[in-house]
Amino acid sequence: MLALRSGLRKALAPRVLAPQVGSSFATGRRQTEGTFYEFCTYYLKPSKMKEYLKNFKKNVHLRTAHSELVGYWSVEFGGGINRVFHIWKYDNFAHRAAVSKALASDPEWQERFLIPNLASIDKQESEIVYLVPWCKMGTPPKEGFYELATFLMKPGGPALWGEPFERAVTAHAKQGYAELIGVFHTEYGKLNRVHVLWWNENPDSRAAGRRRSHEDPRVVAAVRESVNYLDIQQNIFLIPESFSPLK
């Protein structure tokens, strides 16, 4: 009987729970703003690319009347060519939905650009990304060229790899090996993917900066830590179009 009572007391006693990881630690620095960016990639027919860009330049004001264009580039090298890459900024998802609805009912946009140029597009891709909390959008010092470096990290999110990745990017940027424009984390698209947008004066200055960074022990140490969480990386070299806000 005493054993039964002792067992009941143990069963009914308040349980001491193991410490739980708070949500702020589970996800790293939290995304607190609704503002996001849409990365759009259009694969164009080779024979139509020049015409497509000419028509978009002529009608870009019809599109930017509805939402902010951050940048518009042609892909020079790094994977498939005959591509254009552009970034659009939205206040929140309601804003993007309103813009989409407005464009669909804008006869001038539809008739002057969209309908005549649809046949030039082979494929479209869209990705929704947030600017990471530790990075602000940068401004290039002058006109130049851009590199979009994309990193597919191991599953686990920023709680797993966020701080090492931040240290690697920051180490590179602080030494001036390239100008950091923005770091973006995917919300819709291939998950655990981070994009880093860099500015360089030209392809040769980018190559020289990369060589110097490989000889910098501060950068090497930070990158060596970050690559433990890396699955795949790739990059593309981008030439800004004349109508691109980021040049």
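Which residues does N192 touch, not counting residues up to four places away in sequence? The views below come from a predicted model, and the first one takes up that question.

**View 1. N192 sits in the loop between β6 and β7.** Leaving out residues up to four places away in sequence, N192 touches F151, L152, M153, K154, P155, G156, G157 and W161. Loop residue or not, N192 counts as buried, because its relative accessibility is 17% and the cut-off for buried is under 20%.

**View 2. Helix α6 packs against the sheet.** This helix covers residues 158-174 and touches β5 (145-153), β6 and β7 (193-200). Compare directions and you get about 5° between α6 and β7. W161, met in the first view as a contact of N192, is one of the buried residues of α6. The others are G162, P164, F165, E166, A168, V169, A171 and H172. Their cover includes the strands β5, β6 and β7, plus helices α7 (203-214) and α8 (217-226). After α6 comes G176, with a positive phi near 75°.

**View 3. Eight strands make a closed barrel.** Go round it and the order reads β1-β3-β2-β8-β5-β7-β6-β4, with antiparallel pairing. From one strand to the next, the twist averages 35°. For a closer look, pick β2 (residues 68-77) and β3 (residues 83-90), which pair in the antiparallel sense over six bridges. W73 has its bridge partner in β3, namely F85.

**View 4. L238 belongs to the largest nonpolar core.** That core has 32 residues, and F165, L197 and L238 are the ones with the most contacts inside it. Setting aside neighbours within four places in sequence, L238 is in contact with W73, S74, V75, F85, F145, Y146, L148 and L197. So the bridge partners W73 and F85 turn up again here, both in contact with L238. Apart from this core lies another one, of 23 residues, including C40, L44, F56 and V84.

**View 5. Helix α4 lies across four strands.** They are β1 (36-44), β3, β4 (121-131) and β6 (179-188), and α4 runs at about 120° to β3. At the start of the helix, a side-chain oxygen of N92 comes within 3.2 Å of the backbone nitrogen of A94. How does the length work out? The twelve residues of α4 (93-104) should span 16 Å at 1.5 Å a residue, and the end C-alpha atoms are 17 Å apart, which agrees.

Definitions and conventions. Residues numbered from 1 in each chain as written. Predicted model: local features only at pLDDT ≥ 70, side-chain atom pairs only at ≥ 80, totals over all residues. Heavy atoms only, no water. Core = buried A, V, L, I, M, F, W, Y, C linked by side-chain atoms within 4.5 Å. Buried < 20%, exposed > 50% of the residue type's maximum accessible area, 1.4 Å probe, protein only. Contact = heavy atoms within 4.5 Å. Helix = DSSP H or I, 4+ residues; strand = E, 2+ residues; numbered from the N terminus. Expected span 1.5 Å × (residues − 1). Polar contact = N/O pair within 3.5 Å; in protein donor to acceptor, adjacent residues only side chain to side chain. Pairing = 2+ DSSP bridges. Axes fitted to C-alpha atoms, helices over the stretch in contact; angles between N-to-C directions.
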